[in-house]
Every structure is written in C-alpha cells, then in structure tokens.
Amino acid sequence: MTTKEREVALSVSWQDCPLRKIGRSGLETILKMLHVFRSDTEGTKGDMKPIIARNCIYFPLMVLRGQNIKKYIGELARLEGLSPLELAVYKKQKIKALLEFAYNNTVYYKNVLRRERIGLTSQGSGISLKRIPYLKKERIMDDLEDFVCRNMRHSWRSTSGSTGTPLIFPKDRMSETYNDAMMHIAYSWHGINIGDKQARFWGSPIKRKDKYFQLLKDVLLNRKRLSVFKMEKSACNRFLGKLIRFRPMYFYGYANAIYMFASILESEGTDARIPGLERIISTGEVLFEYQRKKIQDVFGFKVINEFGSTENGILGFECEFGNMHVMPTVHIEVVDKDKRGFGELVVTELNSRSIPFIRYRLGDRGRFLNITCPCQRPFEIIEIDEGRVDDYILCPNGKLVYDAILAYILRDYVYKFKAYQENCRFLKIIFIPRKVFTSEKQNRVKEKLQTYLTRDMEIEFVEVSAIPEESSGKYRYFVSTLNKESCIG
Ligand SMILES: [Zn+2]
C-alpha cells in the first residue's frame, strides 16, 4: 500500500466482531482473565508461548470464523516449487475462475464483459485480461452496489482515507484467508511462525469500544502495540521498557513509525538492544534507504520490506536475499511506463469475490526486474518506486503526531480534505463537506484534534468546492513544508 491507504487499525471492525454482544464490561473481564492465565518462564506479565498462541488461539479462532487457513497454506506453499511456466498456468486458471465469478455475480462486470464481448462460457482459454478496463477506487465508491456480491460471509473493511476519502468495502472469507495464508508463508521465509511475539507500530482506535476490542485482539495474538499517534519521547521510552520485558521475536509496523522509534532512542543515547528480537518488518509506506539504514544501525537487524494494501493484502515481500517477490495471490501489471520501466501498478486479486478486484489501479509505482533470485522461487521480482514521503504533524510542544489522525477524525464529516502545515502552531484544513459541516461541528472537531495536537495548535477550516491534485496525479491529504529532520529529537 506504500503510497496510499494505510490500514491503520481499521481492518478490525467492531461491527463485524461476534464479541460485540458481550459489551464493554464483558470485554474487560475477558482481558483480566487472560492476564491471570498468561505467564512465561521468567514470570513477566503479558507474555504467551507462541505454541499456545498458535494452536490454542489462532487456529481455533480461524475455524470459528470459517477460515480453513491450513488448506490454503498448503496450496500456496506448493507454488514455491513450481517453475515460472507452471505458475503462469496456475494464475491463468485463477483469473478465468475470477472472471467467471465476476460475470455471474456482479452487475458491473456483467455489463463490462458483455460490452467487450468476452465469451466466458465457451472455451475460456481466449479470455484476455487486457480487455477489461482499469478500475479506480472512485468507480467502486460511486457504484458500490454494482460491484458487490453479497451472498457470502464477509467483513467490512475501510481504508484509512489517506488519499482523501476512505473506501469502505466487504471482504469475503476466502479472500481474507488466502491473504492471511500468504502472509504466514512469506513470514516463514524469515523464520517467523504464527503466534511469535510481535511488537506492533500501528494506529490505535479512537472509540473506546474499539480500543477494548483491539486490546483483546493484541493479547490473543501475542502482540504489544505502540500507537503511532503518540510517538513522543516518553511514550517511546516506556514502550522500549515493555519490549525488553516482553521479548518480541519481531517488529511489525509503518516504515516511518519504526524509523521514528529508532531515531528517538538513538538521539537520547538509549541502549536499544531488545532481548529475543530477530526480525523487523516494515510495511504500509515506502521504506527509504536512510530509514532502512538507521533502523538497522539502531537495532542491529536487517529490515524486511512488505508491500501491500488494505484492499488486496500482501502484494510483495522481500525474501531472505532482499529481493521483493510478487505474491502468487495476485497478478500485477505495470502500465504507463517511463524510460526506466517504472509505471503505475495495476493489481488483480486472484481470490477476491465479495468485490472482484480486477485490474485495480493502486496509485503506487514500480517496475519488474528481470533477474534470477538465489532463493529460486518462481515469483516475479518487483521494485517499488519511492513515490511519496509521509509526514508527521509537528505540535507546538515538539510532539510528533502521525498524520493519519486527520483522516481518522475527519472522515465522518468531510468527503475530501487536505491539510497544510507551514509552522508548528498552525494547521489549515481545506475540505469538501459530506453533508452540512456547521461551525459548531467544526469547533467540536477542532477540540477533538487538539486533544492529539495540543491546545496551542491553531486549526483553521476552509470549505472549498474542489481540491487540487498533486502534479504526479496522486492525492496527499497532508502537506508539511517543515524541515523533516528538525522534527526529530
Ligand atoms: Zn528471492
């Protein structure tokens, strides 16, 4: 997802959780009980053996959700031993099944395939994906009903709206399970097993109920979380203390957040050695070389880069030789290439059903590399372009707040927005309202934002009828002209 919607914590929707009937007090009781039962050999709190997390919690939960993940892990693991030609045949069959499903179950694709006169019922072999038009997020948002197949179990997901407007869409169980299975296989390339302890640098829900649910999920999945909305020095130091006791096997989080964590610890001269830590996975954003180097210097481990999206799961993952392989759960095309071979990435998610994602424009850029990887997996190798620099909002007291907080709070009120920061005391937000966004409501939203950005941050709202795009065509919802390096320390 590098350049666009970061999943933040929104893939976990309280509305989809069967535990919601328990209520807040019920969740609190469960959390207390879990703390009673959790222990480790060294007697530290908040620890659970990976084997218990894996076999007593993760797999049973997947079964309860109707996700036969072991079967999909088996299917995908076998692909690693195929030749590139055999893999192409596998993908072709998957694409054919996807197109047939889309034709029979969605209004949009029925119309498209009829218009293009693509015969699906005859031989099938003649289907050319290239005749299907590209799909943009806005098209799905405009006519969601035409894309959705509702006759299956699904969860609702939302992108964070970092490109201005969140896409809220259903994700079916089969597609979720394939994506999860692929993630576990990719992690296993680096010795990370299901249930291994994870330190997570991620968003944190705003609503209290969602917070409890998130906490429960973190406990069950053996994770400790540092909210990227609260990355001041004191929070980072506290989190380091927690991690030394927790002994995570790996870090997982936004490139910027892990980089910030490393930078803050380094600037204070803190000893950042964490017992048990072996791997660091960066995701959600472009990982710049200076970030990779800093993280590596501070923690002493190579950074593994993951490329994915909220809509389509993991798309690419670095193997043990540092090459990013395209996951066999997707078919990726590079279109509108420049001289260097970089172009926009267009993804077809082979197992997507509740919304068939076919030739979906990601907004990210990349190119294929025609090299052979020593790992000998048949998956293509891709290089992602450094398309965008994410920023943090600098508060008057020097605190840094992850810019996704804007999308989190504004998404209920505005259709689209863009925020500008030129100095640390003033934030200007231009917006197109969803409905009527009265000055009273604006004041309430300002106050809410100020709880994160401090009371001294002046916030101005300006209603507009259109928001200009960047020259690259991409949409950035937060633009900071502050010196990035000066924000740290
Ligand atoms: Zn490789």
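Reader: What makes the way H11 passes H12 a left-handed crossing?

Author: The sense of the turn does. A crossing is left-handed if the near helix is turned anticlockwise from the far one by less than a right angle, and right-handed if clockwise. H11 passes H12 in the left-handed way. One thing before we go on: this is a predicted model, where local features need pLDDT of at least 70 and side-chain atom pairs count only at pLDDT 80 or more, while totals for chains, interfaces and linings use all residues. Residue numbers start from 1 along each chain as its sequence is written.

Reader: Which residues are H11 and H12, and at what angle do their axes cross?

Author: H11 is residues 255-267 and H12 is residues 289-299; their axes cross at roughly 50 degrees and come within 9 Å. Those labels come from DSSP runs (helices are H or I with at least four residues, strands are E with at least two), numbered from the N terminus. The axes are lines fitted to C-alpha atoms, for helices over the stretch in contact, and angles between N-to-C directions run from 0 to 180 degrees.

Reader: Why are H11 and H12 called oblique to each other?

Author: Under 35 degrees would be roughly parallel, over 145 roughly antiparallel, and 65 to 115 roughly perpendicular, with the rest oblique. Roughly 50 degrees fits none of the named ranges, so H11 and H12 are oblique.

Reader: Which residues of H11 and H12 make the contact?

Author: From H11 there are Ala 255, Ile 258, Tyr 259, Ala 262, Ser 263, Leu 265 and Glu 266, and from H12 there are Gln 291, Lys 294, Ile 295, Val 298 and Phe 299. Being in contact takes C-beta atoms, placed from the backbone, within 7 Å. By class, that gives eight nonpolar, two polar and two charged residues. Nonpolar covers Ala, Val, Leu, Ile, Met, Phe, Trp, Tyr, Cys and Pro; charged covers Asp, Glu, Lys and Arg; the others, Gly among them, are polar.

Reader: And H10 with H11: at what angle do they pack?

Author: H10, residues 233-246, packs against H11 at about 95 degrees, with the axes 10 Å apart. That value sits in the perpendicular range, so H10 is roughly perpendicular to H11. Lys 233, Cys 236 and Leu 240 of H10 meet Phe 261, Ile 264 and Leu 265 of H11. Here the split is five nonpolar, no polar and one charged.

Reader: How do you know that Asp 336 counts as exposed?

Author: Count its C-beta neighbours. Exposed means 12 or fewer other C-beta atoms within 10 Å, buried means 20 or more, and partly exposed is in between, with C-beta atoms placed from the backbone. Asp 336 has 9, so it is exposed. It lies in the loop between strand E10 (330-335) and strand E11 (343-349). Asp 336 also has a positive phi of about 50 degrees although it is not a glycine.

Reader: Why do Arg 359 and Asn 55 count as partly exposed?

Author: Arg 359 has 18 C-beta neighbours inside 10 Å and Asn 55 has 13, so both fall in the in-between range. Arg 359 is in the loop between E11 and strand E12 (360-369), and its phi is near 55 degrees, positive in a residue other than glycine. Asn 55 belongs to helix H2 (residues 50-64). Its C-alpha is 9.0 Å from that of Ile 194, though the two are 139 residues apart in sequence.

Reader: What makes strand E8 mostly covered?

Author: Six of its six residues (313-318) are buried.

Reader: How do you know that E7 and E8 pair, and how many bridges join them?

Author: Pairing takes at least two DSSP bridges. Strand E7 (residues 303-309) and E8 have four and run antiparallel, so they pass that test. Ser 309 stands opposite Gly 313 in E8, and a hairpin joins E7 to E8 through three residues. E8 also pairs antiparallel with strand E9 (residues 324-326) over three bridges. There, the partner of Glu 318 is Met 324.

Reader: Which are the edge strands in the sheet E18-E17-E16-E19?

Author: That open, four-stranded sheet has mixed pairing. Its edges are E18 (458-463) and E19 (478-480), as each pairs on one side only. On average, neighbouring strands are turned by 15 degrees against each other, direction ignored. E17 (residues 426-433) and E18 pair in the parallel sense over six bridges, with Ile 459 in E18 as the bridge partner of Leu 427.

Conventions:
Two residues are in contact if their C-beta atoms, placed from the backbone, lie within 7 Å.
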